[in-house]
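I opened the notebook on this model with two things to look up. One is a helix pair, the other a single side chain.

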Amino acid sequence: MPVTSDTESGIRIPGTSSHFLDPAGPRDRGQGRLRYLTGGTGAPLVMLHTVRTQAEHFRHLIPLVQQRYTVYALDLPGMGYSQIVPGASYQEPAMRAAVKKLITQLDLRDVTLLGESMGAVLALTTAADLPERVRRVVAINPYDYPGGIARSSLLARLIVTGVLAPGAGPMLARLEPRPVMRAVLSGGLVDTTALRADYLDELLKSGRRPGYPAVARAVYANLPSLIAARSRYPDVSAPVHLIYGEKDWSRPSDRQANRQLLPAAEFTQVPNASHFIALERPDVPASLLNPAA
């Protein structure tokens, strides 16, 4: 189903179109309609974004891979232009269920899963659940350690703490001044020019949807479930490639812990890069996804 005017992103990625998955039954209603971008040709490549972003997070990566893959970039539940369902869960198992819904409802097979940050955790746990459908996982800066975005800067720590606070939290979640949003997201970049003005505007626009402040609070509060999800990593049978920015929020001990859980995984550390690799160094995952000519 094509998007309608009130659910349309202002960013266009050549060769892609936007679609929705409707709930397939009563158990799906808690997730609502899920929006995804798709385009390209070849085996399916499912892309999973992170906290406070959306499918357009991969706007620079998609053109580098769509000659070899059919891309499916999902707006996770409640985020981007996926439906906001009052009272929905944003714990890791619920978000993983949405990823599995995309794969199974579209009957995707021989899938490569690429996720960044929270999306990297979901890529790994989805691969553990769907071994017969997933052939490979590229996990960029998995967001599965205490602190998360609060490690990026004092401002980010204050914002996240305030949003989660009882009483004032809902009000703070509704306030997203553009300079503050830019500063918080820039804490995940070495090259801050990679945060383009039109993408920032798009995130602010989708964040003004009715009900989104409750989603933001719930997503920030889900970190413990992402940490708990690490217990599923050893169940991943597909080949895994871990990518970390040299200056990512994760610590060397966090990275080593994941290498121990995934001993067969390949590992790449990107010099002079931080958390949002898809924004500042899309060439790195592209080079891994595109086999040498």
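**Entry 1: the helix pair**

I looked at how H4 and H6 are set against each other in this predicted model. The axes of H4 (residues 154–164) and H6 (residues 178–186) cross at roughly 115 degrees. Angles of 65 to 115 degrees count as roughly perpendicular, so H4 and H6 are roughly perpendicular to each other. Their axes come within 9 Å. I noted the hand of the crossing as well: left-handed.

Next I listed who makes the contact. H4 brings Leu155, Ala156 and Ile159. H6 brings Val180, Ala183 and Val184. I then sorted the contact of H4 with H6 by class and got six nonpolar residues, no polar ones and no charged ones.

**Entry 2: serine 274**

I moved on to serine 274. I found serine 274 in the loop between strand S8 (266–270) and helix H11 (277–280). Is serine 274 buried or exposed? Its relative accessible area is 3%. The cut-off for buried is under 20%, so serine 274 is buried.

What does the side chain of serine 274 reach at 3.5 Å? I found the backbone oxygen of glycine 188 there. A second backbone oxygen, that of lysine 247, lies 3.2 Å from a polar atom of the serine 274 side chain.

I checked the wider surroundings last, leaving out residues up to four places away in sequence. Serine 274 touches Gly187, Gly188, Leu189 and Val190, and also Gly245, Lys247, Asp248 and Trp249. Asn141 and Glu280 complete the list for serine 274.

Conventions:
Residues are numbered from 1 along each chain as its sequence is written. This is a predicted model: local features need pLDDT of at least 70, side-chain atom pairs count only at pLDDT 80 or more; totals for chains, interfaces and linings use all residues. Side-chain values use heavy atoms; hydrogens and water are left out. Axes are lines fitted to C-alpha atoms, for helices over the stretch in contact, and angles run from 0 to 180 degrees between N-to-C directions. Helices (H or I, at least four residues) and strands (E, at least two) are DSSP runs, numbered from the N terminus. Angles under 35 degrees count as roughly parallel, over 145 as roughly antiparallel, 65 to 115 as roughly perpendicular and the rest as oblique. A crossing is left-handed if the near helix is turned anticlockwise from the far one by less than a right angle, and right-handed if clockwise. Contact means heavy atoms within 4.5 Å. Ala, Val, Leu, Ile, Met, Phe, Trp, Tyr, Cys and Pro count as nonpolar, Asp, Glu, Lys and Arg as charged, and the others, Gly among them, as polar. Buried means under 20% relative accessible area, exposed over 50%, partly exposed in between (1.4 Å probe, protein chains only). A polar contact is a pair of N or O atoms within 3.5 Å; within protein, one must be able to donate a hydrogen and the other to accept it, and residues adjacent in sequence count only if both atoms are side-chain atoms.
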